[in-house]
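Have the sequence and the 3D view ready, and let's take a walk through a few spots in this protein. We'll go from a single loop residue to a helix, and then on to some empty space.

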Amino acid sequence: MSGSVDQTVDAARAVALAHALPRLKEYGRRAAGELEGLLGRAALGEADLARLLAEAETMTRLVTTGDARLAQEHAAKLAREAIDALPAGRLSADLAERAVTAAGAVARVRRIVQELNGPEHAARVAELLATGGVLDEVAVRRARSAAMARGGAAALDEHGAELEQAVELMVRQLAEPAADEVASRAGTRRRLAAARRGRERRAAELTGRLLARVRRGPAVGDRPTVPTDPQLLDWLRGLTHPALHLPECEDVKAAWLGADPFGLRELPPPPPFLAGLDLDSLPPEHLAPLLRRLSMTRPAPTAAELTPDALDLDPGPVSESARTAELRRWGQPADSGAPPLPELTRIPRVVHGIWLGKPMPRTTVFRENYARAARRYAGQVDFVLWTDVPRELFDAARAEPGPVEPGPVVPARAEPVPRRGRNDPLAAVRSLLDWATGNGIHLVNIFEVFHAEAPMKLRAPFVLEMSKQLARGYASASDHLRVDIIERLGGAYADGDVVLVGADAESEPEERLPDFFDRVAGSLLGFTMNPLPGEGVCNDILVAPAHHPAIALWAECARLNYSRTQADVFGGVQAMARPYVGHDDQDLRQIAPCRSGRIHHDVLRLLGLQGDDLPPTDPARIYGSEGSWCRPLPADAAGAAARQSSADEVTEVLARCLTFLEWQLLAREGDLYLAAVDPVIRALPDPDAAWTALLRVLPTVVGPWQAVASVTDARRGDDGTAERVDLPPEAELLLDREACPEHRWIGSQLPVPEVPARLLDEFVSPAVLREPDEPLPAYLDRLAPLTEVAVDPLGQVIGLWLRTPQTTGLWRHEGRFAAVPPGHLRISLGLVPGLDWTEQLGVRPEGLALLVLAVGAAGRPVDLVVPAGSAAAIRDFARRLERYLGVPVRLVRAGPGALAPPPKVRPLVPPVGYLPLPASNQRVRASRSPG
């Protein structure tokens, strides 16, 4: 280091005085104020008059002789020489100039006070006290200057120890060799640029694959087949909509479902073995043998095995009951127009179950309940599991043994016994196949039975719910599928968590399952759901013969419920704004119960029925609810999906996400529902590329009437934890969060709109999607208005404080960064005690790395301040930041010391100062580096 130690001390003292000077002036003005009070008295004492006259004369002499000015110039010169002796770049030009000015100003004050405290001044006071004098305006002005000098000097002496402590600290900093930040900045820039290029390349590839799959033209599969029975059609129109199945109604209803940009609603042709088979006219006794032959526990059947003559060879059991003319009206008034039931009610003794999305896990009550019941009622009742797992996977599982795991040593001539290992890609399929085969349960593929020539009535809602690719979506899809199965084929549907009494072979139930089928067939209504005495009616059980008018009504009600906004379904935006998480009814914030799970209540209301009117399911069942429909995607499942997803599978996942988001723009009145697909995106191998591709393709698949007006990208989990969407910079910049939507966004409908609006414990903010050709802003421009840069007295950047728009007015107290270790950088992400975590700023490691580069603080170890209890959640964030910056990143728990209020007595040299981080190219320039 050039220059002497004394010069370093002088430079540090000058810098300290630059920070102290404003406070010294404040003390001086306070002393001048006391003088004004003295002059305002009615009668000025002789002693006070003599003192003021003497101080005025002393100030006149100092001004006339130039002693004060000379002292000021000399001190400024010494300070300038000391600062110039420092290595280049140690002090910013602005701070150096302020330090020189402050050193001179303080020297001037010291020279004035020296004269005011000298013997000549004391003698003149005594002389004026004896002879008297007149205090004119000039004398008052110069006496005021003397008082200000005394006040400032007194404060300087009072806080001398504090000032010297600051000087000592700055001397150590100035004496330390400057860190080579050029290489650190270059390395950080390289890493960030490489990461950005990689994300861009992968996102471009994925965008291309998605755009190649986009299909033009009208959606198919939105309009179900018109009922051929004119009496049934007239009755349905009278209860639902007078133009049901007419273009003027169906065109509007289809528009509510949105487009089908990837053809997900198009059904495959029938498999060869089902071609020409009319399932709508299938006799009930043929259902069980048909499903046995269709079961994927065996090879695919031939068409010859499914002819009526072939199915007649082993007919399935059926519950039958003859009906009189009165009973054929099934309890409906004679003038209701309700279609009558056949003279003979016939319900096949088949129990249908549904599991969607993936093979059923090994550990679920579903397996246990169905397996026990299937074994108990073998030969009396057939049990079927409907699945979307394709037949090809079951065929492969039967044809190929699982991988061999390391095992005990066997003789050389012995053949190794195949053992199914953890890396078996078909392990879950094998497990399901073994379970079904061992318990006599039929595995039936949905899309083999419901194909292009025999589509579901609820095909479009089913696909939309499946496109969620989460448990709550599969639950709603199951709500629709059970209606289609029972309406077309008949039998009983039962959720897997419902215990069928009598499944235990050691006990004899009050009512066996075949007797339950007989009782429902002979009941007045001829169908039932699951009435729970005193608790309402559940849809987890549905029993009916095929083509029962009540089930046809159910299908129409479910379909029409998809032409309502989410706010309408919940009873208004105000109802969505109340708190749910932590309350007994928090599951009701899920859309699944409202959109699909409660349709049966509308059906009963339209039929004029109460729960007590339904044939009871007691004592044939024990009610149970596993609640799997509202559970988040497990972390282990997400990890497995991320490891096993191929390029085609990722494209398929995103196609479903886009289909869902496009529909939600209609249902949620312009809201981009990113939080709903976030668990799915996070489970992909490359979430960053997926998010960018998704938002780039979205404008291509939505219509002009589906403009984005808001975005939902944060929510409160059922356990109270925060869940925030983590968008990469390239995707984030595609959203304009500052623009004002042309039409109202959903949160603006609240009586007192807030940003973000809290609806269903999700956080909604106004935003628009940028036009494809619109120039994108710099990523730092989004963070700049929310960022404060903390600097030490030397102007060195020691911290970054990022806040949300709602907290930018918080007091920038010195305690937040006062304890930063020398040579470190502290980053605080707006962690304000008592503030909802989901309402705080979400920023990625790339963003922080860019900010560190912008302020010229690369190369220093980083202390990342986190709230108590959140270290585990942010650990991956810290690791990623460490990779980008190339320096250690340490997690620091935010405690009382770090976030304490400012001290009551402000120090002469504040340990921390704050600077705003402007947008665009006006970046903060640190004193050690141009940034």
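D424 sits in the loop between α15 and α16; helices here are DSSP runs of H or I with at least four residues, strands are runs of E with at least two, and both are numbered from the N terminus. This is a predicted model, where local features need pLDDT of at least 70 and side-chain atom pairs count only at pLDDT 80 or more, while totals for chains, interfaces and linings use all residues. Residues are numbered from 1 along each chain as its sequence is written, and side-chain values use heavy atoms, with hydrogens and water left out.

Is D424 buried or exposed? It counts as buried because its relative accessibility is 6% (buried means under 20% relative accessible area, exposed over 50%, partly exposed in between, with a 1.4 Å probe and protein chains only). The D424 side chain also makes a polar contact with the side chain of R430, at 2.5 Å. Such a contact is a pair of N or O atoms within 3.5 Å; within protein, one must be able to donate a hydrogen and the other to accept it, and residues adjacent in sequence count only if both atoms are side-chain atoms.

R430 is one of the buried residues of α16, a group that also includes V429, L433 and W435. The cover over the buried residues of α16 includes the elements below, where contact means heavy atoms within 4.5 Å.

| Element | Residues |
|---|---|
| α14 | 365-376 |
| β4 | 382-387 |
| α15 | 391-399 |
| β5 | 442-445 |

Helix α16 covers residues 427-439, and its 13 residues reach 18 Å from first C-alpha to last, close to the expected 18 Å (1.5 Å times one less than the number of residues). Right after α16 comes G440, with a positive phi near 70 degrees.

Another glycine, G856, lies in the loop between α32 (845-854) and β21 (862-866). G856 counts as buried because its relative accessibility is 0%. Its C-alpha is 9.8 Å from that of S184, although the two are 672 residues apart along the chain.

Now for the empty space. Which helix gives the most to the lining of the largest cavity? That's α27, with four residues. The lining has 20 residues in total, and R472, Q590, I591, Y673 and A676 lie nearest the centre of the cavity. By class, nine lining residues are nonpolar, three polar and eight charged (Ala, Val, Leu, Ile, Met, Phe, Trp, Tyr, Cys and Pro count as nonpolar, Asp, Glu, Lys and Arg as charged, and the others, Gly among them, as polar). A cavity is a set of points on a 1 Å grid over the protein atoms alone where a 1.4 Å probe fits but cannot get out, and lining residues have an atom within 4 Å of a point.

Terms used. 1 Å grid on protein atoms, 1.4 Å probe; cavity = no way out; pocket = protein on both sides within 12 Å on 5 of 7 lines; lining within 4 Å.
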